[in-house]
Amino acid sequence: MPDPRHGNNMEEPQKSCLAETIAVTRSYENGRVRALRGVDLRIEEGDFVAITGSSGSGKTTLLQMLGGLDTPDSGEVMFRGQVLSEMRDLSSFRARRVGFVFQSFHLLPTLTASENVQVPMVESPLPMKEREQRAIQLLKEVGLAERIHHRPAELSGGERQRVAIARSLANEPDLLLADEPTGNLDRESTTMVMELLTRIHRENGMTLILVTHDPSTAAYAHRQVRISDGLVDRNVPNPPGAP
Ligand SMILES: Nc1ncnc2c1ncn2[C@@H]1O[C@H](COP(=O)(O)OP(=O)(O)OP(=O)(O)O)[C@@H](O)[C@H]1O
Ligand SMILES: [Mg+2]
């Protein structure tokens, strides 16, 4: 007899948790600005989540917590059951487990596309030649085989963001965090970048968290989490098949 507390056999098994925030708070300016006011959020392995909400609601602060770029005033951030604040080497966690994509690309202007992609590999045991080969392979995967030796100033906005996406994948992260990755792009480049992120998520099976205030961009995700005034006020699956 199945245990009735576990429902019927048709019920989906619970997925495992990749990252979790437990009652996370974060204030600025001596507590005058309460960016996060006790956020409880669970991110499943392999999920694709869009975090939405108005400007100043706390989206970037929350993303930075999940990626270990910032630490809570109170509460905990967990990654695969480990408390981030108890990790001995948070910078190594960030480098090996998390990939970051930002609205303004954050590429180094004096480096070529290939060299930019290799920046996160600095602590990798791979020899130089293999790092370069990996960078070229990643640039091919984002459709930039013809732009490997270009510097950021010689690339369009959409191309720069694709270099930044290739860079975010350099160390095969488990979690990809993208903060308004299409915020500086026109509609055509937005579609290209979103299709690329969707394909990477599907093919690599990594967990993807995307911050956006644009509903049509959020529609690519499988789940939408809305932040309002430093709290999660909505957490729902997207209808399948969108957009
Ligand atoms: N370094 C900081 N110093 C002071 N206040 C900050 C700092 N970073 C964020 N804040 C404040 O915390 C609140 C949340 O900011 P956050 O950047 O997380 O918002 P957001 O939802 O990402 O907004 P946007 O959509 O405009 O990017 C805002 O009121 C913001 O002004
Ligand atoms: Mg922000």
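**How the terms apply to this model**

Reader: What makes β4 and β5 (residues 82-83) a pair?

Author: Two strands pair if DSSP finds at least two bridges between them. Strands β4 and β5 run antiparallel and are joined by two bridges, so they meet that minimum. One of the links is between phenylalanine 79 and its partner in β5, glutamine 82. In their hairpin two residues lie between the strands, and arginine 80 there has a positive phi near 45°.

Please keep in mind that this is a predicted model, in which local features need pLDDT of at least 70 and side-chain atom pairs count only at pLDDT 80 or more, while totals for chains, interfaces and linings use all residues. Residues are numbered from 1 along each chain as its sequence is written, and chains are lettered from A and ligands numbered from 1 in the order in which they are written.

Reader: Why is residues 82-83 called a strand?

Author: Strands are DSSP runs of E with at least two residues, and helices are runs of H or I with at least four, both numbered from the N terminus. Residues 82-83 make up β5, so this run reaches the minimum for a strand.

Reader: How do you know that β1 (residues 17-28) pairs with β4 (residues 74-79)?

Author: Five antiparallel bridges join β1 and β4. Alanine 19, for instance, has phenylalanine 79 of β4 as its bridge partner.

Reader: What makes β6 and β10 edge strands?

Author: The open sheet has six strands in the order β6-β7-β8-β3-β9-β10, with mixed pairing. Since β6 (98-102) and β10 (231-237) each have a single partner strand, one side of each is left without a neighbour in the sheet. Strand β6 runs parallel to its partner β7 (residues 175-179), with five bridges; valine 98 is matched with leucine 175.

Reader: Which residues come nearest to ligand 1?

Author: Tyr28, Ala35, Ser55, Thr60 and Thr61 come nearest, out of 13 around ligand 1. A residue counts as near if its C-beta atom, placed from the backbone, lies within 6 Å of the molecule. Both β2 (33-44) and α1 give two or more residues to this shell, and α1 gives the largest share, three residues.

Reader: How do you know how far to trust the model?

Author: The guide is pLDDT, the predictor's confidence in each residue, from 0 to 100. The protein averages 93, and 93% of the residues score at least 70. Over residues 1-9, however, pLDDT stays under 50. Where pLDDT is low, the predicted coordinates should not be read in detail.

Conventions. Two residues are in contact if their C-beta atoms, placed from the backbone, lie within 7 Å.
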